[in-house]
Amino acid sequence: MSATPWLLDVRRLRKSFPIRRGWNRKVVGAVAAVDDVSFTIREGETLGLVGESGCGKTTTARCILRALAPTSGEILFRSADGRVVDLAPLSRAELRPLRPQIQMVFQDPFGSLNPRMTIFDNVGEPLLVNGLRDRRARLARVADLLELTGLRPEHMHRFPHAFSGGQRQRIGIARALATAPRLVVADEPVSALDVSVQAQVLNLLLELRSRLHLTLLFVAHDLSVVKHISDRVAVMYVGQLVELATTEAIFGRPLHPYTAALLRAVPVPDPLAPSGDVALAGEVAHPANPPAGCYFHPRCPFATDACRTEPPALREIGAGHLVRCHRAEELVLAGVAEPGRTPRAAW
Amino acid sequence: MTPVLQVNDLRVHFFLDEGLVRAVDGVSFDVHEGQVVGIVGESGCGKSVTMKAILQIVEPPGRIVGGRILFQKDAAPPVDLARLSPRGAELRAIRGAEIALIPQEPMAAFSPVHSVGDQIIEALRLHERQWRPTGPRLSRAEARSMTVDLFRSVGISMPQERVDAYSWQLSGGLRQRAMIAMALSCRPRLLIADEPTTAIDVTTQAQILNLLRDLQRRHGTAIVFITHDLGVIAQMARYVVVMYLGRVMEQGPVEQIFHAPKHPYTRALLKSIPSVNVAPRTLLPTIAGSIPHPLGRPGGCPFHPRCPDAIPGVCAERVPALGPVGPSQLASCFLYHRDEAVEP
């Protein structure tokens with residue numbers, strides 16, 4: 001496992017946004033959207049990043065893509081020539097040669113393709129920008145990419161409106177793969193798609209992963225989707241990483257009460273397996289004004305006095321299983337049932 | 001027992017410049033008292049248009065072109081909502097009072113310039129004679145205290161203060177709770193919930209679904225629950241209607257639909273959904289192709305181009321009618337009834 005080197009090493013990443021008030025837009029505070037997040041992604045690995053809205057998962061992804069400048073922290077990236085670069089402090093000009101190596105798949109397949117450009121132009125633009133000026137070579141490359149993503153190459157001179165949502169998402173994936181990136185960041189790539197199409201796109205990503213040895217950061221709110229694609233899963237809550245482990249461990253033996261509650265809250269498509277429980281009272285804390293101690297304590301059924309005052313650190317319990325909870329060792333939390341076993345266990 | 005709502009061969013068509021869109025094309029189902037009926041389907045299946053037709057709020061160029069929507073108000077014979085004038089007094093007395101709606105996006109449903117409490121007080125006083133036929137007129141103060149009670153019953157903390165809040169001051173979960181309070185304020189016989197938790201996070205969704213289940217049990221309100229989420233449907237509905245491109249593919253008790261689906265579409269749909277109970281990193285069985293454009297609807301059975309079991313020369317030619325395939329389970333598929341077609 002540790003034999004494969006990491007491709008991305010995010011260390012103590014922070015991103016805060018100013019809160020402005022009044023006529024002169026005076027800064028009155030800050031929202032820590034990403035608050036001390038660290039993780040690595042190995043080459044060829046898929047890391048799922050999950051959490052509810054406002055937890056900072058998209059901000060984390062945008063910092064890695066350097067669509068946003070982090071407030072502090074390091075984003076170490078092993079570039080194609082073997083050098084390790086910290087993306088965090090780089091300027092636009094310095095980032096340019098690295099851009100082809102990190103690409104993104106967007107959530108909205110309708111908004112992310114230029115409607116005035118044909119599919120060939122949409123998918124071929126990253127190639128053109130990166131110096132592939134020969135149109136014939138571009139045509140061949142785009143045809144390959146479309147074939148790779150399950151589209152018909154002869155359709156490349158059509159415009160995006162002629163394609164369905166699922167097909168557009170395939171086009172978006174083809175465009176992301178155009179520059180043969182070392183890292184692909186996918187932010188909610190299937191959440192705007194219909195159920196019957198979601199499965200097709202998930203399958204495509206799974207196939208591409210093994211065929212191209214793709215490294216993927218997969219950001220999503222839907223736990224079942226994340227389970228389907230990820231090798232490891234990171235769970236975020238109010239800007240912090242609360243748990244990080246292999247997919248099997250996160251779903252089978254969660255150590256953080258928030259992860260367990262998330263798993264229990266998912267309604268399972270089986271009327272004979274009651275699920276979708278209210279495991280948590282209250283609502284997600286606001287990142288501008290997080291509670292003292294553990295951010296999760298006001299909603300946590302296991303909170304003690306220590307949880308109310310002392311912020312827990314992210315620690316490693318067992319091999320590679322990171323958790324941010326004071327009581328991780330003593331709690332016995334239920335994961336989701338393995339197929340064939342009766343779901344549901346008391347906790 | 002007559003059902004609260006009987007939708008019979010409902011047809012809603014949109015007359016666009018580009019052509020005719022048959023958004024709802026022959027939909028039938030019943031809703032009984034105290035029953036939760038789930039309508040599930042992917043985008044373009046007509047589930048939301050069906051809901052709008054029941055309330056007669058289909059926007060032009062859409063129009064109800066056929067079918068009946070029988071609503072049982074009280075002991076009197078049922079009224080056909082499809083025949084009522086959308087702006088008439090009779091329908092306006094039903095909307096909000098007898099049939100209430102919980103919309104998908106409560107942010108858009110509340111007025112931002114009136115407090116949420118005022119909007120509920122207005123509904124209470126406007127529809128007073130529907131939910132309280134006799135007695136003195138309701139005063140503002142009384143209506144306000146009723147609103148506070150409603151807020152408390154839907155689990156809004158500090159209801160006294162929240163009554164005066166504006167919708168944009170509330171979080172998503174609280175806003176949806178306030179919306180539910182408003183929908184229940186006039187004690188409707190039928191509640192239509194249109195994707196009530198789609199815009200909400202999963203832990204809050206669990207709270208809202210639990211609240212709806214609890215209220216349903218307490219008041220015995222019939223609910224039509226519209227969603228694209230099969231997980232939510234399995235946990236909420238007792239009876240399920242599966243729609244595809246404006247037609248009912250299959251309907252039946254929830255256990256039957258999920259454990260003994262008959263229609264190829266229902267079967268394929270259930271297999272294709274990612275679930276937390278499945279082993280990670282496995283390929284999912286998929287439905288080939290994608291949902292056709294509304295203007296390019298295939299003839300015959302709308303699902304036939306994607307159907308693994310399509311019968312050559314049959315499914316592309318004629319439209320199958322809804323017929324029994326099990327105990328109170330119906331499917332519109334030629335695999336089961338070769339001779340029952342809808343006349344063209």
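Let me begin with a term: a residue is called buried here if 20 or more other C-beta atoms lie within 10 Å of its own, with C-beta atoms placed from the backbone. Please keep in mind throughout that what we are looking at is a predicted model.

With that criterion in hand, I turn to chain B, where 49% of the 344 residues count as buried. The overall dimensions fit that picture of a folded chain in one respect that can be checked, because a compact globule with 344 residues would have a radius of gyration near 20 Å, and the 21 Å of chain B agrees with this. Along its principal axes, the C-alpha trace of chain B spans about 70 × 50 × 45 Å. In terms of secondary structure, chain B has 12 helices and 14 strands, and if we consider the contacts in chain B with a separation of 6 or more, 62% of them are accounted for by residues 24 or more positions apart.

Staying with chain B, I would like to take one helix pair in detail. The axes of helix 4, residues 116-126, and helix 6, residues 140-153, of chain B come within 9 Å and cross at roughly 115°, and the crossing of these two helices of chain B is right-handed. On the side of helix 4 of chain B, the residues involved are Gly117(B), Ile120(B), Ile121(B), Leu124(B) and Arg125(B), and they meet residues of helix 6 of chain B that include Ala143(B), Met146(B), Thr147(B) and Leu150(B). By class, the residues of this contact divide into six nonpolar, two polar and three charged.

Let me now move to chain A, and to its helix 1, residues 57-64. Eight of the eight residues of this helix of chain A are buried, so helix 1 is largely enclosed by the rest of the structure; among them are Lys57(A) and Arg62(A), as well as Ala61(A), Cys63(A) and Ile64(A). Helix 1 of chain A is followed by Arg66(A), whose phi is positive, near 60°.

Finally, how do the two chains meet? In this model, 46 residues of chain A are in contact with 40 residues of chain B. On the chain A side, the elements that give two or more residues are helix 5 (165-177), helix 6 (195-212), helix 7 (223-229), helix 8 (247-252) and helix 9 (257-265) of chain A, and helix 6 of chain A gives the most, with eight residues. Sorted by class, the side of chain A that touches chain B has 26 nonpolar, 13 polar and seven charged residues.

Technical notes: Residues are numbered from 1 along each chain as its sequence is written. Chains are lettered from A and ligands numbered from 1 in the order in which they are written. This is a predicted model: local features need pLDDT of at least 70, side-chain atom pairs count only at pLDDT 80 or more; totals for chains, interfaces and linings use all residues. Two residues are in contact if their C-beta atoms, placed from the backbone, lie within 7 Å. Helices (H or I, at least four residues) and strands (E, at least two) are DSSP runs, numbered from the N terminus. Ala, Val, Leu, Ile, Met, Phe, Trp, Tyr, Cys and Pro count as nonpolar, Asp, Glu, Lys and Arg as charged, and the others, Gly among them, as polar. The radius of gyration is taken over C-alpha atoms; the globule rule is 2.2 Å times the number of residues to the power 0.38. A residue is buried if 20 or more other C-beta atoms lie within 10 Å of its own, exposed if 12 or fewer, and partly exposed in between; C-beta atoms are placed from the backbone. Axes are lines fitted to C-alpha atoms, for helices over the stretch in contact, and angles run from 0 to 180 degrees between N-to-C directions. A crossing is left-handed if the near helix is turned anticlockwise from the far one by less than a right angle, and right-handed if clockwise.
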